[in-house]
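Biologist: Please take a close look at one part of this model, the backbone at a single loop residue, and then set out the surrounding architecture in one connected account.

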Amino acid sequence: MYDWGLKNRLSRVIKSDGKTVMLAVDHGYFLGPTTGLEDAEKTIKPLLPYADALMPTRGIVRTSVSPISETPIVLRVSGGNSILDEDLSNEGLTVSMEDAVRLNAAAVALSIYVGSQNQKETLLNLTKLIDEGHRYGMPVLAVTAVGKNMVRDARYLALSCRIAAELGAHFVKTYYCDGFEKLVKTCPVPLVMAGGKKLPEYEALELTHNAMIMGAAGVDMGRNIFQSEAPVAMIQAVRAIVHDNATPKKAYELYLSLKKSKKTGKQAKVKGITASAAELSRH
Ligand code: 5RP
């Protein structure tokens, strides 16, 4: 049974409806200045009010997020690799639990690389972090990373998610795949879906909807939000699916309407779902 502090932190990330819209902005830890995050502060600021949690590195927290922000931080605490590496799995822990607490993190996140050269090290990093997490009341998010040449199929991802949960991760982030419901059914902790590469907005909303109807606890989405033509409209459309059970069609209408209203200054209206309803569901 988790301690009160850990439960309290987790409840700041996964809201009372059991769902979350996390905004991933940690890409730079191995990708450097990722498209859309070149000026991280400028990108993050307008999106923060719509994110249930933000997933940055500590460098981005300290330089680019206002300390008066109320959005919980899920802190990326693994790294040491870069996109120049042939094998991305060579990751270690990059942040002490003490610094995560100092940053008032609501959870910490690290990647595991099941089936890679560094499988054992990344899994032992996970267990070390979980032991420390229990000591400090800090939930741990395991990210099932895939190496450059690995297949993202249900068999592989279910294996990774289950191993993460068996080792004690409090929640798990993984990619969408055919048979996603298998991942959800065999993973005893909440599963959030990573967005992956930028897709046309409607497709990204469909992906979100599919994951949600298959039992995901939400999304931890980055590029499909901050690389969108209208990131603030897009995150609200994603929220409408995650928290308000909107269909992809309704959510896309909301996206288009919010995108247009930004240009015209008129309030966005979509029958059956409004931007303000999406906003209200945040709390
Ligand atoms: C990389 C990560 C990133 O946070 C995540 O994958 C980025 O989100 P997206 O794929 O939606 O851009 O954990 O290991």
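Modeller: N104 counts as exposed because it has 12 C-beta neighbours inside 10 Å; a residue is called exposed if 12 or fewer other C-beta atoms, placed from the backbone, lie within 10 Å of its own, buried if there are 20 or more, and partly exposed in between. The model is predicted, so local features need pLDDT of at least 70 and side-chain atom pairs count only at pLDDT 80 or more, while totals for chains, interfaces and linings use all residues. Residues are numbered from 1 along each chain as its sequence is written.

N104 is not a glycine, yet its phi is positive, about 60°. Most residues other than glycine have a negative phi. The position of N104 is the loop between helix 5 (97-102) and strand 6; helices (H or I, at least four residues) and strands (E, at least two) are DSSP runs numbered from the N terminus. N245, also not a glycine, has a positive phi near 55°. N245 lies in the loop between helix 11 and helix 12 (248-264), and it counts as partly exposed, with 15 C-beta neighbours inside 10 Å.

Strand 6, which follows the loop of N104, belongs to an open sheet of 8 strands in the order 2-1-10-9-8-7-6-3, paired in parallel; two strands pair if DSSP finds at least two bridges between them. At the edges, strand 2 (53-55) and strand 3 (74-76) each pair on one side only. From one strand to the next the twist averages 30°. Strand 1 (residues 20-24) and strand 10 (residues 218-221) run parallel and are joined by 4 bridges, with L23 opposite M221 of strand 10. Helix 1 (residues 4-13) packs on the sheet and touches strand 1, strand 2, strand 3 and strand 6 (107-112). The direction of helix 1 makes about 80° with that of strand 6, where axes are lines fitted to C-alpha atoms, for helices over the stretch in contact, and angles run from 0 to 180 degrees between N-to-C directions.

The largest nonpolar core, a set of buried Ala, Val, Leu, Ile, Met, Phe, Trp, Tyr and Cys residues joined through C-beta atoms within 7 Å, has 86 residues. V74, A107, V108 and V238 have the most contacts inside this core. Helix 11 (residues 231-244) gives the most to the core, with 8 residues. Leaving aside residues up to four places away in sequence, V238 touches V21, L205, T208, V219, M221 and I225, contact being C-beta atoms within 7 Å.

Terms used. Two residues are in contact if their C-beta atoms, placed from the backbone, lie within 7 Å.
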